Amino acid sequence: MPEGEVELLVATAKQDVEAARQISYWVQRLLAAYDARSQLAGMPPAVVLDAMRRRG
């Protein structure tokens, strides 16, 4: 395999690793958001509204 082709494959692999890292980061953020929303859904609306007013 020519050296230029190897360099291209390495560069592509590095891009794939970075893309996978970013996907993993966003999956973690989305799971945390989903968990927070699930917890909020289980609370009485008055409690949620009161907490939002205090933070606001």
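Author: Welcome! A residue is called buried under 20% relative accessible area, exposed over 50%, and partly exposed in between (1.4 Å probe, protein chains only). This is a predicted model, where local features need pLDDT of at least 70 and side-chain atom pairs count only at pLDDT 80 or more, while totals for chains, interfaces and linings use all residues. Residues are numbered from 1 along each chain as its sequence is written, and side-chain values use heavy atoms, leaving out hydrogens and water.

Reader: Why is Asp50 called partly exposed?

Author: Asp50 has a relative accessible area of 37%. That value falls between the buried and exposed limits, so Asp50 is partly exposed. Arg54, at 64%, passes the upper limit and is therefore exposed.

Reader: What makes Arg54 and Asp50 a salt bridge?

Author: The term asks for a side-chain nitrogen of Lys or Arg within 4 Å of a carboxyl oxygen of Asp or Glu. Arg54 and Asp50 meet at 3.2 Å, N to O, so the pair qualifies. Both residues lie in helix 2 (residues 45-55), four residues apart, about one turn of the helix.

Reader: How many salt bridges are there by this rule?

Author: The count comes to two. Arg21 and Glu18 also pair, with 2.6 Å from N to O. These two residues are three apart in helix 1, which puts about one helical turn between them. Arg21 is partly exposed at 48%, and Glu18 is partly exposed at 32%.

Reader: How do you know which helices and strands the protein chain has?

Author: They are DSSP runs, numbered from the N terminus: helices are H or I with at least four residues, strands are E with at least two. The protein chain has two helices and zero strands.

Reader: Why is the protein chain described as more spread out than a compact globule?

Author: Its radius of gyration is 22 Å, well over the 10 Å that the globule rule gives for 56 residues, so the description follows. That radius is taken over C-alpha atoms, and the rule is 2.2 Å times the number of residues to the power 0.38. Along the principal axes, the C-alpha atoms fill a box of roughly 65 × 20 × 5 Å. Within helix 1, Ala36 has its C-alpha atom 24 Å from that of Ala20, 16 residues away along the chain.

Reader: How much of the protein chain is buried?

Author: Buried residues make up 2% of the 56 residues. One of the exposed residues is Met1, at 67%, found in the segment before helix 1 (3-41).
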